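Please work through the following exercises with the sequence and the model at hand. Each task is followed by a solution in steps.

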Amino acid sequence: MGKAQGTDISAVVEEMAAAGFGNLEETILQCADCALREGATNPVIMKGSRTPRVLFIGEAPGKTEDMTGIPFSGRAGKKLDEMIGYMGLSAEDYAVINAVKCRPPKNRKPLKSEIELCRPFLLAQIRMLDPEVIILLGNTAEEAFCRNKKLEWGVPKVSGGMNIVKIYHPAAMIYQRSRIEEQKALIDKNRHLWE
Ligand code: URA
(Lines give C-alpha, C1' and ligand atoms only; values in the text may rest on other atoms or scores of the structure.)
Protein backbone atom coordinates (compact mmCIF):
# COMPACT_ATOMS: atom_id res chain seq x y z
CA MET A 1 0.00 0.00 0.00
CA GLY A 2 1.43 3.39 -0.95
CA LYS A 3 0.65 6.47 1.07
CA ALA A 4 -1.59 7.88 -1.65
CA GLN A 5 -0.17 11.39 -1.80
CA GLY A 6 -2.83 13.90 -2.70
CA THR A 7 -5.69 11.80 -1.35
CA ASP A 8 -7.39 12.43 1.99
CA ILE A 9 -4.66 11.85 4.57
CA SER A 10 -7.11 10.91 7.32
CA ALA A 11 -8.53 8.05 5.24
CA VAL A 12 -5.00 6.76 4.60
CA VAL A 13 -4.14 7.07 8.29
CA GLU A 14 -7.32 5.26 9.34
CA GLU A 15 -6.64 2.47 6.88
CA MET A 16 -3.05 2.02 8.08
CA ALA A 17 -4.09 2.12 11.74
CA ALA A 18 -6.87 -0.42 11.19
CA ALA A 19 -4.42 -2.79 9.48
CA GLY A 20 -2.46 -3.22 12.74
CA PHE A 21 1.13 -2.91 13.95
CA GLY A 22 2.58 -5.68 11.75
CA ASN A 23 1.12 -4.20 8.58
CA LEU A 24 2.23 -0.70 9.44
CA GLU A 25 5.74 -1.94 10.09
CA GLU A 26 5.77 -3.73 6.74
CA THR A 27 4.48 -0.60 4.96
CA ILE A 28 7.20 1.53 6.55
CA LEU A 29 9.90 -1.03 5.70
CA GLN A 30 8.78 -1.05 2.07
CA CYS A 31 8.38 2.72 1.73
CA ALA A 32 10.58 4.38 -0.87
CA ASP A 33 8.62 7.62 -1.14
CA CYS A 34 11.64 9.83 -0.45
CA ALA A 35 15.39 9.60 -0.98
CA LEU A 36 16.16 8.94 2.70
CA ARG A 37 15.42 5.23 2.37
CA GLU A 38 18.28 4.78 -0.11
CA GLY A 39 20.86 6.06 2.36
CA ALA A 40 19.38 4.31 5.39
CA THR A 41 20.34 0.88 6.71
CA ASN A 42 17.16 0.34 8.73
CA PRO A 43 13.97 2.37 8.95
CA VAL A 44 13.39 3.00 12.66
CA ILE A 45 9.83 2.42 13.78
CA MET A 46 9.16 2.41 17.53
CA LYS A 47 10.14 1.14 20.94
CA GLY A 48 8.18 0.66 24.13
CA SER A 49 4.64 -0.17 25.07
CA ARG A 50 1.87 -0.65 22.52
CA THR A 51 -0.56 0.76 25.05
CA PRO A 52 1.40 3.76 26.35
CA ARG A 53 -0.05 6.56 28.45
CA VAL A 54 2.80 8.79 27.26
CA LEU A 55 4.19 8.93 23.73
CA PHE A 56 7.53 10.61 23.02
CA ILE A 57 8.13 11.87 19.50
CA GLY A 58 11.69 12.61 18.41
CA GLU A 59 13.10 13.95 15.15
CA ALA A 60 14.74 11.24 13.05
CA PRO A 61 17.14 8.33 13.54
CA GLY A 62 20.83 9.02 14.01
CA LYS A 63 23.76 6.76 13.20
CA THR A 64 23.25 4.29 16.05
CA GLU A 65 19.50 4.08 15.48
CA ASP A 66 20.10 3.50 11.76
CA MET A 67 22.29 0.51 12.66
CA THR A 68 20.08 -0.94 15.40
CA GLY A 69 16.65 -0.07 13.99
CA ILE A 70 15.69 1.11 17.50
CA PRO A 71 14.75 4.74 18.25
CA PHE A 72 16.94 6.60 20.74
CA SER A 73 19.42 3.76 21.14
CA GLY A 74 22.51 6.03 20.99
CA ARG A 75 23.80 8.99 23.00
CA ALA A 76 20.59 10.99 22.84
CA GLY A 77 18.80 7.85 23.99
CA LYS A 78 20.82 7.81 27.23
CA LYS A 79 19.65 11.37 27.89
CA LEU A 80 16.07 10.41 27.05
CA ASP A 81 16.29 7.48 29.50
CA GLU A 82 17.52 9.85 32.21
CA MET A 83 14.63 12.19 31.45
CA ILE A 84 12.11 9.34 31.59
CA GLY A 85 13.60 8.26 34.93
CA TYR A 86 13.18 11.80 36.23
CA MET A 87 9.57 11.75 35.01
CA GLY A 88 8.99 8.57 37.03
CA LEU A 89 7.62 6.51 34.14
CA SER A 90 7.85 2.71 34.01
CA ALA A 91 8.47 0.69 30.84
CA GLU A 92 4.78 -0.11 30.36
CA ASP A 93 3.86 3.61 30.57
CA TYR A 94 5.51 4.92 27.44
CA ALA A 95 6.53 4.47 23.81
CA VAL A 96 9.06 6.30 21.64
CA ILE A 97 8.79 7.09 17.94
CA ASN A 98 10.28 9.61 15.51
CA ALA A 99 8.73 12.13 13.13
CA VAL A 100 10.83 10.69 10.28
CA LYS A 101 11.63 6.99 10.08
CA CYS A 102 14.83 6.97 7.99
CA ARG A 103 18.15 8.61 8.88
CA PRO A 104 18.90 11.86 7.04
CA PRO A 105 22.45 12.01 5.66
CA LYS A 106 25.03 13.32 8.14
CA ASN A 107 22.23 13.71 10.70
CA ARG A 108 20.92 16.86 9.01
CA LYS A 109 17.46 18.03 9.97
CA PRO A 110 14.73 16.36 7.91
CA LEU A 111 13.40 18.50 5.07
CA LYS A 112 9.81 19.72 5.15
CA SER A 113 9.05 17.41 2.23
CA GLU A 114 10.51 14.41 4.10
CA ILE A 115 8.50 15.25 7.22
CA GLU A 116 5.37 15.57 5.10
CA LEU A 117 5.90 12.27 3.29
CA CYS A 118 6.46 10.45 6.59
CA ARG A 119 3.54 12.15 8.33
CA PRO A 120 0.89 9.51 7.54
CA PHE A 121 3.06 6.95 9.37
CA LEU A 122 3.41 9.27 12.35
CA LEU A 123 -0.34 9.90 12.50
CA ALA A 124 -1.14 6.19 12.10
CA GLN A 125 1.22 5.36 14.98
CA ILE A 126 -0.44 7.99 17.17
CA ARG A 127 -3.86 6.63 16.27
CA MET A 128 -2.82 3.08 17.13
CA LEU A 129 -0.90 3.86 20.29
CA ASP A 130 -3.68 6.21 21.46
CA PRO A 131 -1.70 7.90 24.28
CA GLU A 132 -3.08 10.30 26.87
CA VAL A 133 -0.04 12.55 26.60
CA ILE A 134 2.23 13.33 23.65
CA ILE A 135 5.64 14.75 24.45
CA LEU A 136 7.15 16.47 21.43
CA LEU A 137 10.92 16.39 21.72
CA GLY A 138 11.90 19.65 20.06
CA ASN A 139 10.84 21.71 17.09
CA THR A 140 10.94 19.06 14.36
CA ALA A 141 8.51 16.87 16.29
CA GLU A 142 6.29 19.91 16.73
CA GLU A 143 6.50 20.76 13.04
CA ALA A 144 5.57 17.19 12.12
CA PHE A 145 2.70 16.90 14.59
CA CYS A 146 1.23 20.41 14.52
CA ARG A 147 2.18 21.63 11.06
CA ASN A 148 1.60 25.36 11.37
CA LYS A 149 0.52 25.54 15.00
CA LYS A 150 3.15 26.78 17.41
CA LEU A 151 3.49 25.56 20.97
CA GLU A 152 5.37 27.30 23.75
CA TRP A 153 8.04 25.23 25.50
CA GLY A 154 6.42 23.31 28.33
CA VAL A 155 2.95 24.79 27.84
CA PRO A 156 0.50 21.93 27.24
CA LYS A 157 -2.42 22.08 24.83
CA VAL A 158 -5.27 19.65 24.40
CA SER A 159 -5.73 18.31 20.88
CA GLY A 160 -7.86 15.35 19.82
CA GLY A 161 -8.43 14.46 23.48
CA MET A 162 -4.68 14.21 24.15
CA ASN A 163 -2.43 16.55 26.11
CA ILE A 164 0.38 17.77 23.87
CA VAL A 165 3.50 19.34 25.33
CA LYS A 166 6.80 20.36 23.75
CA ILE A 167 10.04 20.03 25.70
CA TYR A 168 13.69 20.08 24.64
CA HIS A 169 15.16 17.35 22.49
CA PRO A 170 17.42 15.09 24.62
CA ALA A 171 20.39 15.93 22.35
CA ALA A 172 20.16 19.50 23.66
CA MET A 173 21.15 18.10 27.08
CA ILE A 174 24.39 16.80 25.54
CA TYR A 175 25.45 20.00 23.85
CA GLN A 176 24.02 22.58 26.28
CA ARG A 177 24.36 21.41 29.86
CA SER A 178 22.43 24.46 31.08
CA ARG A 179 19.39 22.94 29.39
CA ILE A 180 19.29 20.09 31.94
CA GLU A 181 17.86 22.24 34.72
CA GLU A 182 15.52 24.01 32.29
CA GLN A 183 14.25 20.64 31.06
CA LYS A 184 13.67 19.46 34.63
CA ALA A 185 11.63 22.60 35.26
CA LEU A 186 9.50 21.95 32.16
CA ILE A 187 8.96 18.36 33.31
CA ASP A 188 8.05 19.41 36.86
CA LYS A 189 5.52 21.92 35.50
CA ASN A 190 3.77 19.16 33.57
CA ARG A 191 3.94 16.20 35.98
CA HIS A 192 0.22 16.36 36.63
CA LEU A 193 -0.34 15.23 33.02
CA TRP A 194 1.05 11.72 33.62
CA GLU A 195 1.11 11.25 37.41
N1 URA B 1 17.39 11.68 17.77
C2 URA B 1 16.09 11.51 17.46
O3 URA B 1 15.36 12.47 17.30
N4 URA B 1 15.64 10.28 17.35
C5 URA B 1 16.39 9.21 17.56
O6 URA B 1 15.88 8.10 17.45
C7 URA B 1 17.74 9.43 17.89
C8 URA B 1 18.22 10.65 18.00
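The exercises below concern a predicted model and treat its sheet, a helix pair and selected loop residues.

**Exercise 1. Determine the strand order of the open sheet and identify its edge strands.**

Solution.
- Step 1. The open sheet has 6 strands, and its pairing is mixed.
- Step 2. Read across the sheet, the order is E1-E3-E2-E4-E6-E5.
- Step 3. Strand E1 (47-48) and strand E5 (157-159) each pair on one side only, and they are the edge strands.
- Step 4. At the E5 edge, 3 bridges join E5 to strand E6 (residues 162-167), and the two strands run antiparallel. Within this pairing, Lys157 has Ile164 of E6 as its bridge partner.

**Exercise 2. Describe how helix H6 is placed against the sheet and against helix H1.**

Solution.
- Step 1. Helix H6 (residues 112-129) lies across E2 (54-58), E3 (94-98), E4 (133-137) and E6. Its direction is at about 170° to E3.
- Step 2. Two packed helices are described by the angle between their axes and the distance between the axes. For helix H1 (residues 9-18) and H6, the angle is about 55° and the axes are 8 Å apart.
- Step 3. H1 is therefore oblique to H6. The crossing of the two helices is right-handed.
- Step 4. H1 contributes Ile9, Val13, Glu14, Met16 and Ala17 to the contact, while H6 contributes Arg119, Pro120, Phe121, Leu123, Ala124, Arg127 and Met128. Sorted by class, the contact of H1 with H6 holds 9 nonpolar and 3 charged residues, and no polar ones.

**Exercise 3. Locate Arg50, classify its exposure and list its contacts beyond four places in sequence.**

Solution.
- Step 1. Arg50 is found in the loop between E1 and E2.
- Step 2. Arg50 is partly exposed, because its relative accessible area of 47% falls between the cut-offs of 20% and 50%.
- Step 3. Once neighbours within four places in sequence are set aside, Arg50 is in contact with Phe21, Met128 and Leu129.
- Step 4. Arg50 and Pro131 are 81 residues apart in sequence, and their C-alpha atoms are 9.4 Å apart in space.

**Exercise 4. Examine the phi angles and the exposure of Lys106 and Asp130.**

Solution.
- Step 1. Most residues other than glycine have a negative phi.
- Step 2. Lys106, although not a glycine, has a positive phi of about 50°. Asp130, also not a glycine, has a positive phi of about 45°.
- Step 3. Lys106 lies in the loop between E3 and H6, and Asp130 in the loop between H6 and E4.
- Step 4. Lys106 is exposed, with a relative accessible area of 81%. Asp130 also counts as exposed, at 56% relative accessibility.

Methods:
Residues numbered from 1 in each chain as written. Predicted model: local features only at pLDDT ≥ 70, side-chain atom pairs only at ≥ 80, totals over all residues. Heavy atoms only, no water. Pairing = 2+ DSSP bridges. Contact = heavy atoms within 4.5 Å. Axes fitted to C-alpha atoms, helices over the stretch in contact; angles between N-to-C directions. Buried < 20%, exposed > 50% of the residue type's maximum accessible area, 1.4 Å probe, protein only. Parallel < 35°, antiparallel > 145°, perpendicular 65-115°, else oblique. Left-handed = near helix turned anticlockwise from the far one by under 90°. Nonpolar A, V, L, I, M, F, W, Y, C, P; charged D, E, K, R; others polar.
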